[in-house]
Amino acid sequence: MSEFTENNGQSADIDTTNDVKLSKPIINAELCVGCGKCLRMCSFEAIKIENGIAYIDADECQNCKACIPVCHLHAISYKSR
Ligand code: SF4
Ligand code: SF4
């Protein structure tokens, strides 16, 4: 007979720091030169170019982050400025 009981009454391990919302990367139009590198990297066709500037369609973006390091001008980030 075991005296051990399972410790499922008090779970103190839940991290409730929900600072990271479901945001998606954005492109700083002032930095972007429309080279299209990020567009080719996006597997979800979420990046489009309009008037020579790239933008991310948040509805299409799957937040995979693949585009962020691709931009040599660091125009893609999660900052909302
Ligand atoms: S890689 Fe950077 S500069 Fe090129 S289109 Fe994308 S955001 Fe613009
Ligand atoms: S985070 Fe992923 S899905 Fe979203 S725009 Fe960048 S490469 Fe495309």
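# Reading a predicted model with two ligands

Reply: Over residues 7-12, pLDDT (the predictor's confidence in each residue, from 0 to 100) stays under 50, and the model has 0 contacts beyond four places in sequence for them. Two residues are in contact if their C-beta atoms, placed from the backbone, lie within 7 Å. This is a predicted model, in which local features need pLDDT of at least 70, side-chain atom pairs count only at pLDDT 80 or more, and totals for chains, interfaces and linings use all residues. Residues are numbered from 1 along each chain as its sequence is written, while chains are lettered from A and ligands numbered from 1 in the order in which they are written.

Me: Over which other residues does pLDDT stay under 50?

Reply: Residues 14-20, and the model again has 0 contacts beyond four places in sequence for them. The protein averages a pLDDT of 82, with 70% of the residues scoring at least 70.

Me: How many helices and strands are there in the protein?

Reply: Helices (H or I, at least four residues) and strands (E, at least two) are DSSP runs, numbered from the N terminus. Here there are 1 helix and 4 strands, in the order β-α-β-β-β from the N terminus on.

Me: What share of the contacts joins residues 24 or more positions apart?

Reply: Of the contacts in the protein with a separation of 6 or more, such pairs account for 58%.

Me: Which residues come nearest to each ligand?

Reply: A residue is near a molecule if its C-beta atom, placed from the backbone, lies within 6 Å of it. Ligand 1 is surrounded by 14 residues, the closest being Cys32, Cys35, Cys38, Ala54 and Cys71. Ligand 2 also has 14 residues around it, of which Cys42, Ala46, Cys61, Cys64 and Cys67 come nearest.

Me: How does the shell around ligand 1 divide by class?

Reply: Ala, Val, Leu, Ile, Met, Phe, Trp, Tyr, Cys and Pro count as nonpolar, Asp, Glu, Lys and Arg as charged, and the others, Gly among them, as polar. The shell around ligand 1 has 11 nonpolar, 2 polar and 1 charged residues. For ligand 2 the division is 11 nonpolar, 2 polar and 1 charged.

Me: Is Asn51 buried or exposed?

Reply: A residue is buried if 20 or more other C-beta atoms lie within 10 Å of its own, exposed if 12 or fewer, and partly exposed in between, with C-beta atoms placed from the backbone. Asn51 counts as exposed because it has 7 C-beta neighbours inside 10 Å. Asn51 lies in the loop between strand S2 (47-50) and strand S3 (53-56), and has a positive phi of about 55° although it is not a glycine.

Me: Where is His74 found?

Reply: His74 is in the loop between S3 and strand S4 (76-77). Its phi is positive, near 55°, in a residue other than glycine. His74 counts as exposed, with 10 C-beta neighbours inside 10 Å. Across the 81 residues in the protein, buried residues make up 15%.
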